[in-house]
Amino acid sequence: MWPILKCSRWRLGFLIANKHKHNFFSRGMASSNKSEFLKVYSVLKSELLQDPAFDFTNHSRQWIDQMLDYNVPGGKLNRGLSVIDSYKLLKQGKELNEDEIFLASVLGWCIEWLQAYFLILDDIMDGSHSRRGQICWFRVEKVGMIAINDALLLRNHIPRILKKHFRDKQYYVDLLDIFNEIEFQTASGQMIDLITTLEGQKDLSLYRLPVHRRIVQYKTAYYSFYLPVACALLMAGEDLENHVEVKNLLVEMGTYFQVQDDYLDCFGDPKVIGKIGTDIEDYKCSWLVVQALERANEDQKKVLSENYGKTDQTCVERVKELYGDLGLQEVFAEYEKNSYEKLISSIEGHPNRAVQAVLKSFLGKIYKRQN
């Protein structure tokens with residue numbers, strides 16, 4: 001069974017393996033220490049595969065092992081790595097001990113587990129074919145709709161991990177609360193997205209800026225931007241109720257990030273962004289189409305209505321041409337400039353220098369990004 005001791009044999013193995021490393025996250029997790037972060041994934045996976053709450057067979061253990069490797073560690077890991085980065089900045093240069101690094105990494109992986117859970121279900125709902133350069137999990141031979149149960153297992157792994165590593169911490173209940181709350185917010189954002197684009201009921205009149213903002217805020221911003229910082233703040237002994245302004249700023253950043261995504265989907269270089277955008281073909285409630293509808297005359301709205309959501313490349317190009325006619329590239333450039341200035345002004349007005357550093361770190365990573 002899982003030991004009740006503070007340091008499990010797997011965690012002990014992690015600490016011993018890194019005994020002679022001097023502050024190995026110090027140069028920035030997003031670059032040189034991704035491999036160290038991945039070591040913690042191996043620790044957590046091994047623990048989950050020996051969870052005493054379930055009597056594993058060799059077959060079931062093999063299935064979970066392969067399912068985890070296929071779905072959890074394959075992305076950029078930015079959300080998870082941001083927990084460590086943020087916690088380091090909150091400690092204001094103080095050297096982190098190995099226990100702090102390990103726990104921050106565990107929380108980072110909990111967010112990556114949450115992301116994997118969302119993506120499996122999102123791919124099924126969207127009927128997607130590929131994800132992160134490989135076939136969607138539900139399309140893998142012999143997986144099919146078992147993927148739904150796999151997603152549920154991923155979701156249930158999170159409280160198992162939190163209980164094992166944080167149940168003796170004062171902020172344990174706060175961690176459970178924040179993960180539950182943000183899962184609810186994200187699922188609600190997905191609902192808004194789905195019911196706004198019901199199959200067979202295409203209606204561009206529903207695409208308005210408040211609708212787009214609500215989808216983005218709840219579906220992306222809370223779990224991608226706020227959750228990593230919330231985890232770091234809790235580890236640092238902070239009360240989240242005292243950091244509502246931080247949450248609001250991070251949600252604004254998340255909104256800005258998604259607007260960038262919508263823009264790059266249409267105007268980005270596929271070789272740079274790593275994919276060919278399909279928002280137009282997929283009839284997405286994109287920032288671009290919302291802006292186009294606000295600026296278009298009746299003839300231009302008719303062009304949008306006739307061509308948006310069609311897979312024919314002639315239709316796609318007609319929409320892109322209309323975006324050009326409406327000057328949406330210039331509109332985006334102005335939006336980006338204004339968003340940055342507003343965000344940086346708000347950040348610099350925050351009284352806590354360490355929190356300022358965290359927020360500036362997030363903003364610096366996304367400002368004028370090309371992928």
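A salt bridge, as the term is used in this talk, is a side-chain nitrogen of Lys or Arg within 4 Å of a carboxyl oxygen of Asp or Glu. Side chains of opposite charge can pair when their charged atoms come close. By this criterion, the structure before you holds 18 salt bridges. Please bear in mind throughout that this is a predicted model.

Allow me to begin with a pair inside one helix. The side chains of Lys39 and Glu36 form a salt bridge, with an N to O distance of 3.4 Å. Both residues belong to helix α2, which covers residues 34-48, and they stand three residues apart, about one turn of the helix. Are the two partners buried or exposed? Lys39 is partly exposed, because its relative accessible area is 35%. Glu36, by contrast, counts as buried because its relative accessibility is 5%.

Glu36 also leads us to another part of the chain. Phe102 is 66 residues from Glu36 in sequence, while their C-alpha atoms are 9.8 Å apart in space. Phe102 sits in helix α5, residues 98-126. With a relative accessible area of 0%, Phe102 is buried.

I turn now to pairs that join separate elements. Asp261 and Arg369 make a salt bridge through their side chains, at 2.7 Å from N to O. Why does this pair tie together parts of the chain? Asp261 lies in helix α9, whereas Arg369 lies in the segment after α15 (353-366), so the salt bridge connects parts that are 108 residues apart in sequence. Asp261 is partly exposed, at 27% relative accessibility. Arg369 has 12% relative accessibility; the cut-off for buried is under 20%, and Arg369 therefore counts as buried.

A further salt bridge brings together the side chains of Lys360 and Glu348, 3.6 Å apart from N to O. Here Lys360 belongs to helix α15 and Glu348 to helix α14 (residues 328-348), and the pair, 12 residues apart, links distant parts of the chain. Both partners count as partly exposed: Lys360 has a relative accessibility of 34%, and Glu348 has one of 48%. Beyond such pairs, there is also a network, in which salt bridges that share partners join Asp122, Asp123, Arg131, Asp193 and Lys219.

Let us next consider charges on the surface. Which residues form a negative surface patch? They are Asp174, Asp177, Glu181, Glu238, Asp239 and Glu241. To take one of them, Glu238 is located in the loop between α8 (209-235) and α9 (244-267). Its relative accessibility is 33%, and Glu238 therefore counts as partly exposed.

Finally, I should like to draw attention to the backbone at two loop positions. Leu77 has a phi near 65°, which is a positive value in a residue other than glycine. This residue, Leu77, is placed in the loop between α3 (58-71) and α4 (78-90). Leu77 is buried, with 2% relative accessibility. Where is Tyr283 found? Tyr283 occupies the loop between α10 (270-273) and α11 (287-295). Its phi is near 60°, again a positive value in a residue other than glycine. Tyr283 is likewise buried, at a relative accessible area of 7%.

Methods: Residues numbered from 1 in each chain as written. Predicted model: local features only at pLDDT ≥ 70, side-chain atom pairs only at ≥ 80, totals over all residues. Heavy atoms only, no water. Helix = DSSP H or I, 4+ residues; strand = E, 2+ residues; numbered from the N terminus. Buried < 20%, exposed > 50% of the residue type's maximum accessible area, 1.4 Å probe, protein only. Patch = residues over 30% accessible without salt bridge, like charges linked within 9 Å, V, L, I, M, F, W, Y side chains within 5 Å. Areas by Shrake-Rupley, 256 points an atom, 1.4 Å probe, with all protein chains shown as cover. Lys, Arg positive; Asp, Glu negative; His and termini not counted. Charge placed at Lys NZ, Arg CZ, Asp CG, Glu CD.
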